[in-house]
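Reader: Please take a close look at the pockets here and at what surrounds them. Keep it brisk, and give me the cut-offs as you go.

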Amino acid sequence: MSALEELITKAKALQAEGHTPGQISDELGLSMETVTWLLTQPKGMEAPKDVHIDWTAVGSHGTLLSDMAMIMLKRFLYLAEEGAVRPGAAEIPDTVVGIAPSGVPLATLIAAEEALKLAVYLPAKHSRSETPTGSLSGTFSTITGQRCIIIDDVVTTGTTLSETIQFLRRHGATPVAVWSLFDKRGVREIDGVPVQSLFAISRLG
């Protein structure tokens with residue numbers, strides 16, 4: 001079975017389990033356009049150019065996941081020490097905002113390490129309502145008046161991150177940075193907020 005066939009099988013299996021396309025997008029680290037293609041495979045339409053990132057070998061082990069979260073934190077601290085972080089973003093924030101689902105464990109570990117508040121953002125693409133909207137989980141911290149760092153695993157198109165940034169601003173928070181493991185777009189900022197990723201994915205040719 002080819003890598004593409006495996007992705008199609010995984011996408012359809014997740015759909016059969018009741019996952020929304022947005023949830024499948026997060027699970028597979030793919031854009032919504034790619035997920036739609038995997039689920040429908042329209043005749044005559046080539047698969048979108050995308051990169052699948054499978055980091056389950058790390059994400060499925062608590063110790064390895066903690067190590068990765070600490071690398072994200074240490075990279076920020078090194079950049080701040082070297083003066084490579086934008087003024088105003090060099091200080092550790094008040095609140096760490098994890099984007100559900102994959103950003104939450106990383107955000108939790110970072111918040112615990114630095115004794116920060118933890119907030120969880122639920123993206124609109126996970127909503128099953130007729131008018132999908134993003135929301136903040138009521139179980140965790142509020143964000144009004146807080147300086148926030150946003151944590152996610154993969155920057156795919158930047159749409160969810162832009163949505164999160166706008167949500168935080170509308171609710172009186174100040175997003176100061178985005179931290180991710182992988183950046184598939186090669187972006188330095190989204191909506192004026194600097195993006196710091198551990199790994200940048202580049203497609204050649």
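Author: A pocket is an open set of points on a 1 Å grid over the protein atoms alone, with protein on both sides within 12 Å along at least five of seven lines. Its lining residues have an atom within 4 Å of a point. Grid points are joined across faces, edges and corners, and a volume is the space filled by probe spheres set on them.

The model is predicted: local features need pLDDT of at least 70, side-chain atom pairs count only at pLDDT 80 or more, and totals for chains, interfaces and linings use all residues. Numbering starts from 1 along each chain as its sequence is written, and side-chain values use heavy atoms, with hydrogens and water left out.

Take the second largest pocket. Its volume is about 280 Å³. It has 14 lining residues. D26, E27, W55, T56 and S102 are the ones nearest its centre. Two elements, α2 and α4 (56-59), each give this lining at least two residues. Here, helices (H or I, at least four residues) and strands (E, at least two) are DSSP runs numbered from the N terminus. The biggest share comes from α2, with 3 residues. The lining is mixed: 4 nonpolar, 5 polar and 5 charged residues. Nonpolar means Ala, Val, Leu, Ile, Met, Phe, Trp, Tyr, Cys or Pro; charged means Asp, Glu, Lys or Arg; the others, Gly among them, are polar.

Now look just before S102, one of the residues nearest that centre. A100 and P101 are joined by a cis peptide bond, with omega at about 0°. P101 sits in the loop that links β1 (95-99) to α6 (103-114). Most peptide bonds are trans, and most residues other than glycine have a negative phi. Past α6 comes a second exception. A115 has a positive phi, near 55°, and is not a glycine. This residue belongs to the loop between α6 and β2 (117-122).

Next, the largest pocket. The space in it comes to about 330 Å³. The lining has 23 residues; closest to the centre are S25, K125, T156, T157 and T160. Four elements each contribute at least two lining residues: α2 (21-28), α3 (32-40), β4 (147-155) and α7 (159-170). So α2 is a supplier again, as it was for the second largest pocket. By class, the largest pocket is lined by 8 nonpolar, 9 polar and 6 charged residues.

The closed space is separate. A cavity is a set of points where a 1.4 Å probe fits but cannot get out. There is 1 cavity of 30 Å³ or more. The largest cavity holds about 50 Å³. Around it stand M72, R75, F76, W179, S180, Q196 and L198. Elements giving two or more of these residues are α5 (62-81), β5 (174-183) and β7 (193-200). The top contributor is α5, with 3 residues. This lining has 4 nonpolar, 2 polar and 1 charged residues.

Finally, the frame around these spaces. The protein has 7 helices and 7 strands. From the N terminus, their order is α-α-α-α-α-β-α-β-β-β-α-β-β-β. The C-alpha trace spans about 50 × 40 × 30 Å along its principal axes.
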